[in-house]
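The paragraphs below lead through one structure, region by region. Please keep the sequence and the 3D view open while reading.

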Amino acid sequence: MLTTEEINTLDRDHVWHPYAAMPNAVPCFPVEKASGCEITLNDGRVLVDGMSSWWAAIHGYNHPILNAAASAQMEKMSHMMFGGLTHEPAVTLAQELARITPGSGDNKLDKIFYCDSGSVAVEVAMKMAIQYWFNKGISAKSKFLTIRGGYHGDTFEAMSVCDPVGGMHHLFSSTLPQQLFCNRPETKYHEEWDESDIQNFQQALNKQKDEIAAVILEPIVQGAGGMRFYSPHYLQRVRDLCDEHDVLLICDEIATGFGRTGTMFAVEHAENVVPDILCIGKALSGGFLSFAATITSPKIARVFEQGPAGVLMHGPTFMGNPLACAVSLASLQLLQSYDWKEKIKFIEKQLTTELEPCMDSPHVEDVRVLGAIGVVEMKEPMDLKMMQPRVVEEGVWLRPFGKLLYTMPPFIIQSHELRKITQAMVTLATRRRV
Ligand SMILES: *Cc1c(COP(=O)(O)O)cnc(C)c1O
């Protein structure tokens, strides 16, 4: 086994980390193993996990049920090409996804395209929308309208609909597709709806509907773009207006899907909002491995049976990976084997109570909680290089970014573990050296 020092040296010499310089300016902590909500570092320290590995590990780590599903599938085959072949894990997972996603009749989200990551699911959704209109003989509809403050992934088409400022568009402006942006919703989740909040969106849609293939947004929670929770009425109005203007609606639930916000999918916070295309990922496999899907309805899928653009032009090498499908099905069954809604309510309540003291700090701008997401927004951006070791000293794992100190713990977290996280957040937010 390598020493912590040896791992750090090799890491610095050869390994690139997310959004990082090479070598990494902020050193990483080597992890030896993880189980439940505990991450064990190579130096023996044990941290309570407040990140679920970026929204994904909803059942915690090393879960025996997910491990068993993976082992059983591995005994048969871990991968098989999906062109011309199919298998039980892919079809049973598809059946289960079709059962739990919203919609009915011609709008039922029951046509599933498997992808290998969230960004790819977004790429596929955007292709699907463009090809949909092309196949209907309307090739002018090829742009996307989105709200500022969004995040949809790091591949080019996905990046083109990320927030134009936070999404680093200026670096890639010569190659990035030019999309349409409108103001983000201002009405917060619990606030009374103000109809003027939709005006900017309505104007943009009205003006350019003939060029717009689809609206793409994260429903209710804008995640990596700022951790904001907005009014379900906004989403409702977006759905109505898309219908009125003959524009498709893509909902990116890669972060919010599978219970995180208190409902199975965040669109369920609004009444009768069914997107035309839904992207899922992250928690789909319970954080076991990279897996995602783009899901649409018979209404959209039908167009691909014939037409000038023909079939949907996408097919990843690892599409429908049997191991990922088997683990994802086990993860979905595990989620539904207990009263997860009650558990999320419990987490929400504890986060709300225990993060509230942060509001007393002069450094804190806002504290907000929705489902199993707790956010402390600071007035000034934090210095990650300084903050990250302090987080670890508190015995927890959190990854602050910009002004945001936030947690989205595994759903299985116990009350005393969550308290450790909230206490660390209160300490870090209130005793912050500026
Ligand atoms: C993480 C995320 C993505 C990208 O998923 P990857 O698996 O990292 O490619 C897209 N959309 C949203 C809302 C996300 O949170």
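**A walk through the predicted model**

Four strands, in the order 1-2-3-15, form an open sheet whose pairing is mixed; here strands are DSSP runs of E with at least two residues and helices are runs of H or I with at least four residues, both numbered from the N terminus, and two strands pair if DSSP finds at least two bridges between them. Strand 1 (31-35) and strand 15 (396-397) stand at the edges with a single partner strand each, so one side of each has no neighbour in the sheet. Strand 3 (residues 46-49) and strand 15 run parallel and are joined by 2 bridges, and Val48 has Val396 in strand 15 as its bridge partner. Strands of a sheet pair through backbone hydrogen bonds, in either a parallel or an antiparallel sense.

This is a predicted model, in which local features need pLDDT of at least 70 and side-chain atom pairs count only at pLDDT 80 or more, while totals for chains, interfaces and linings use all residues. Residues are numbered from 1 along each chain as its sequence is written, and side-chain values use heavy atoms, with hydrogens and water left out.

Helix 2 (residues 52-55) contains Trp54, which at 41% relative accessibility counts as partly exposed; buried means under 20% relative accessible area, exposed means over 50%, and partly exposed lies in between, with a 1.4 Å probe and protein chains only. Not counting residues up to four places away in sequence, Trp54 touches Pro18, Lys282, Tyr406 and Met408, where contact means heavy atoms within 4.5 Å. Trp54 and Val215 are 161 residues apart in sequence, and their C-alpha atoms are 25 Å apart in space.

Turning to strand 7 (212-217), one finds that 6 of its 6 residues are buried, so this strand is largely enclosed by the rest of the structure. Strand 7 pairs in the parallel sense with strand 5 over 4 bridges, and it also pairs in the parallel sense with strand 10 over 4 bridges. Individual bridges place these strands in register: Thr146 has Ile216 in strand 7 as its partner, and Ala214 has Leu248 in strand 10.

Helix 8 belongs to the same discussion, since what covers its buried residues includes strand 5 (143-147), strand 6 (180-182), helix 7 (199-208), strand 7 and strand 10 (248-252). The buried residues of helix 8 are Pro232, Tyr234, Leu235, Arg237, Val238, Arg239, Leu241 and Cys242. Its 13 residues (232-244) should span 18 Å at 1.5 Å a residue, and the end C-alpha atoms are 19 Å apart, which agrees; the expected span is 1.5 Å times one less than the number of residues. At the start of helix 8, a side-chain oxygen of Ser231 reaches to within 3.0 Å of the backbone nitrogen of His233, and just after the helix Asp246 takes a positive phi of about 55°.

Helix 10 (residues 322-335) can be read in the same way: its 14 residues should span 20 Å at 1.5 Å a residue, and its end C-alpha atoms are 20 Å apart, which agrees. Of these 14 residues 13 are buried, so helix 10 is largely enclosed by the rest of the structure.

Thr296 is found in strand 12 (residues 292-296) and, at 3% relative accessibility, counts as buried. A polar atom of its side chain lies 2.7 Å from the backbone oxygen of Asp276. Leaving aside neighbours within four places in sequence, the contacts of Thr296 include Lys108, Met128, Ile277 and Ala301.

Some backbone details remain. Most residues other than glycine have a negative phi, and most peptide bonds are trans. Ile220, although not a glycine, has a positive phi of about 65°; it is found in the loop between strand 7 and strand 8 (221-222) and is buried, with a relative accessible area of 0%. Phe258 likewise is not a glycine and has a positive phi of about 70°; it is found in the loop between strand 10 and strand 11 (277-280) and is buried, with a relative accessible area of 1%. The peptide bond from Met22 to Pro23 is cis, with omega near 0°, and Pro23 is found in the loop between helix 1 (4-14) and strand 1.

Terms used. A polar contact is a pair of N or O atoms within 3.5 Å; within protein, one must be able to donate a hydrogen and the other to accept it, and residues adjacent in sequence count only if both atoms are side-chain atoms.
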